[in-house]
2 protein chains.
Amino acid sequence: MNDRNERLEFCETSVIHYDIVENVREKMPPEDPVYDVADLFKVFGDSTRARMICALTVSEMCVCDIAALLGMTSSAISHQLRILKQAGIVRSRRVGKIVYYSLADEHIRQLFTVAFEHVTEEKGGQ
Amino acid sequence: MNDRNERLEFCETSVIHYDIVENVREKMPPEDPVYDVADLFKVFGDSTRARMICALTVSEMCVCDIAALLGMTSSAISHQLRILKQAGIVRSRRVGKIVYYSLADEHIRQLFTVAFEHVTEEKGGQ
DNA sequence: TTAACAGTTGAACAAATGTTCAAATGATAA
DNA sequence: TTATCATTTGAACATTTGTTCAACTGTTAA
């Protein structure tokens, strides 16, 4: 299995396990969705946005209330809401001057639930 | 409900829905785990690390093989593996010169599965 | 011992990111 | 109209982050 290493010349050294690399290349998910998943997780990966999502898990809220709850300015919250909306994580509805935001998808709740299980169970991980 | 707004003076304007804010404050998850969840998602939120995790979903791999698969240097991969290991996402075992990495937890696979569902179903989301 | 090689590490750099500030919308009420 | 207020927006700034490069471990084999 070592006589084919030259096919993988982008590695600065040589490939050690050609068969494993080819097996993984076939079976791992296609590239584009992986990038989409990374982008989704990137949006979750900021503590302000994570706290906002957790708040919206409980109830629909307007910008000013989220700002008050988290002790931040409306401007900062609005900037983050824009990111969340572009990512399809929240949706908004306007009532007069006030804009109410809520979670757009049940997957969001599910992802946070599993993530919470992970970080709480894992006290004493390797 | 507006006569108590002064209790939430950290908001640069006044709180509009005092009852909603207090309700969410009681029911949303405690602060520390939320930060842990955000940190976990932050690790997932880089495309290189997401691709590495997807690869390790298929099979245990050594550093050089991951580098070859993703067309990156061993150094870059090693740096990212350190982040993944610190986060408790991968574990390693050494066999001679070679260090094999694998996923440390079944939650990881589950989180990526749900995230994939989200990004693939959501063609045509709002 | 020496050479070869898988992997790790630290410094440096460029690119991306979150918050602040000030100004601008857009809607309500006087 | 004007004033007020919730929200949005853009520019600026400091901070964080990912990759590269070079040097360094640590293991194997001659």
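**Notebook: two chains and DNA strand D**

I began with the pairing of the protein chains. In this model, 70 residues of chain A are in contact with 70 residues of chain B. I noted at once that the model is predicted.

Next I looked up the area of this interface. The size of an interface is often given as the accessible area lost when the parts come together. Chain A and chain B bury about 6000 Å² between them. Carbon and sulfur atoms carry 72% of that area. Then I asked which three residues of chain A supply more than any other three. They are F41(A), H107(A) and H118(A), with 10% of the area that chain A buries against chain B.

**Entry: the core**

I turned to the largest nonpolar core. It holds 78 residues. Which of them touch the most other members? I found F44 and F112, in chain A and in chain B. I followed F44(A) further and left out residues up to four places away in sequence. Within chain A, F44(A) touches A50(A), I53(A), I89(A), I108(A), L111(A) and F112(A). From chain B, A38(B) and F41(B) touch F44(A).

**Entry: one histidine**

I picked H17(B). It sits in the segment before α1 (18-27) of chain B. Is H17(B) buried or exposed? Its relative accessibility is 13%, so H17(B) counts as buried, because buried means under 20%. I then listed its contacts, again without residues up to four places away in sequence. H17(B) touches C62(A), D65(A), I98(A) and Y100(A).

**Entry: DNA strand D**

I counted 27 residues around DNA strand D. The ones that come nearest are C64(A), Y101(A), T48(B), S75(B) and Q80(B). Sugar and phosphate make up 70% of the strand D atoms that come within 4 Å of the protein.

I checked three atom pairs. At C64(A), a backbone N or O atom lies 2.7 Å from a phosphate oxygen of strand D. At R49(B), an N or O atom of the side chain is 2.7 Å from a phosphate oxygen. At H79(A), the partner is a base oxygen, 2.8 Å from an N or O atom in the side chain.

Which elements give two or more residues to this surface? In chain A they are α4 (63-70), α5 (74-86) and β3 (98-103). In chain B they are α3 (47-58) and α5 (74-86). The most comes from α5(A), with five residues.

Last, I sorted the residues of this surface by type. Nine are nonpolar, eleven are polar and seven are charged.

Key: Residues numbered from 1 in each chain as written. Chains lettered and ligands numbered in written order. Predicted model: local features only at pLDDT ≥ 70, side-chain atom pairs only at ≥ 80, totals over all residues. Heavy atoms only, no water. Core = buried A, V, L, I, M, F, W, Y, C linked by side-chain atoms within 4.5 Å. Buried < 20%, exposed > 50% of the residue type's maximum accessible area, 1.4 Å probe, protein only. Contact = heavy atoms within 4.5 Å. Near = heavy atom within 4 Å. Polar contact = N/O pair within 3.5 Å; in protein donor to acceptor, adjacent residues only side chain to side chain. Helix = DSSP H or I, 4+ residues; strand = E, 2+ residues; numbered from the N terminus. Nonpolar A, V, L, I, M, F, W, Y, C, P; charged D, E, K, R; others polar. Buried area = accessible area lost by both parts, 1.4 Å probe.
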